[in-house]
Amino acid sequence: MRRRMLSVVVPLVAPLPLALSAGCANFTGLHDDGRARNVKAPHALWADRSPSPRVREADPGDQRAVPGVARVPSGDMKDTDPAAVVRADHVADGGRPPAANAVRSPAYHDLTDDGRPDLISAVDLDGRTSELRVYSVRNAVVTRVLALRAVLAGVELAAGHLSVREPTKDPRYVSVTDYVWDGSRMGLWDLTLDDYRTPQNPSPTSSTPPPSPGDRL
């Protein structure tokens, strides 16, 4: 990140006797700006109300066997038909099989840390929203280990993390949500803010500070 250097011009100060004799200097010293603003603790609205626990279907890391898919003795998702897995999973959710042109090309990466590649799939639901899902073989059964709906500004793999990039209100920045396998499930690892990237400008630099938390999503 480029930093702007500020040049400071320090005026020459005349010796005190000379400054006093000039008669044009105005030394006001300390003065009263009035009563300081009172600092109050945040006032919580509806403090007696709280949400119900998250339902099972709303947990992106909820694991579910994909029905109608053959067992995989090898434990390798590459030994499955990725299109068939995606279709079966979406139908099991009560939806229609996604159109072929809505399913992005499959990606394979070991996210569950078992030494075998997992299937990472994305289905574009419309011109903006997509369904991102991760499948793994658990005890020879094809299992969905992550499912989330998001506006995918980018999806990245790094150090076992699956990073999902989504737009914010500020077009210069995206929110980045990291999911990682904790030994038993895919869970939320971190939430950060990053510069917006494009294929033409994959690693931009910014000369402005990130927005405050109130300016995010």
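## Reading strands, a helix and a buried threonine

Author: A hairpin joins β7 to β8 through 5 residues. The model is predicted.

Reader: How do strands pair in general, and in which sense do β7 and β8 pair?

Author: Strands of a sheet pair through backbone hydrogen bonds, either parallel or antiparallel. Here β7 and strand β8 (residues 173-181) are antiparallel, over 6 bridges. To locate the register, take V164: its bridge partner in β8 is T177.

Reader: What pairs with strand β6?

Author: Strand β6 (residues 154-158) pairs with β7 in the antiparallel sense, over 5 bridges. G154 stands opposite R165 in β7. The hairpin of β6 and β7 has 2 residues between the strands, and A159 takes a positive phi near 55° there.

Reader: Why is β7 called largely enclosed?

Author: Count its buried residues. Buried means under 20% relative accessible area. In β7 (residues 161-167), 5 of the 7 residues are buried, so the strand is largely enclosed by the rest of the structure.

Reader: Now the open sheet. What is its strand order?

Author: The order is β1-β5-β4-β3-β2, with 5 strands and antiparallel pairing. The edges are β1 and β2, each of which pairs on one side only. At one edge, β2 and β3 pair over 3 bridges. Within that pairing, H109 has D118 in β3 as its bridge partner.

Reader: Where does helix α2 lie relative to these strands?

Author: It lies across β1, β2, β3, β4 and β5, and runs at about 110° to β4. Next, check burial along the helix. In α2 (residues 82-92), P82, V85, V86, A88, D89 and H90 are buried. Their cover includes β1 (64-65), β2 (107-109), β3 (118-124), β4 (130-138) and β5.

Reader: Which residue caps the N-terminal end of α2, and what follows the helix?

Author: D81 is the cap: one of its side-chain oxygens lies 3.2 Å from the backbone nitrogen of A83. After α2 comes G94, with a positive phi near 90°.

Reader: Take one residue in the sheet, T143. Is it buried or exposed?

Author: First, the general idea. In a regular strand the side chains alternate between the two faces of the sheet. T143 lies in strand β5 (residues 141-150). Its relative accessibility is 7%, so T143 counts as buried.

Reader: What does the side chain of T143 reach, and which residues does T143 touch?

Author: The T143 side chain reaches the backbone oxygen of V141 at 3.0 Å. Leaving out residues up to four places away in sequence, T143 touches Q63, R64, A65, V66, V134, Y135, S136 and R138.

Terms used
Residues are numbered from 1 along each chain as its sequence is written. This is a predicted model: local features need pLDDT of at least 70, side-chain atom pairs count only at pLDDT 80 or more; totals for chains, interfaces and linings use all residues. Side-chain values use heavy atoms; hydrogens and water are left out. Buried means under 20% relative accessible area, exposed over 50%, partly exposed in between (1.4 Å probe, protein chains only). Helices (H or I, at least four residues) and strands (E, at least two) are DSSP runs, numbered from the N terminus. Two strands pair if DSSP finds at least two bridges between them. A polar contact is a pair of N or O atoms within 3.5 Å; within protein, one must be able to donate a hydrogen and the other to accept it, and residues adjacent in sequence count only if both atoms are side-chain atoms. Contact means heavy atoms within 4.5 Å. Axes are lines fitted to C-alpha atoms, for helices over the stretch in contact, and angles run from 0 to 180 degrees between N-to-C directions.
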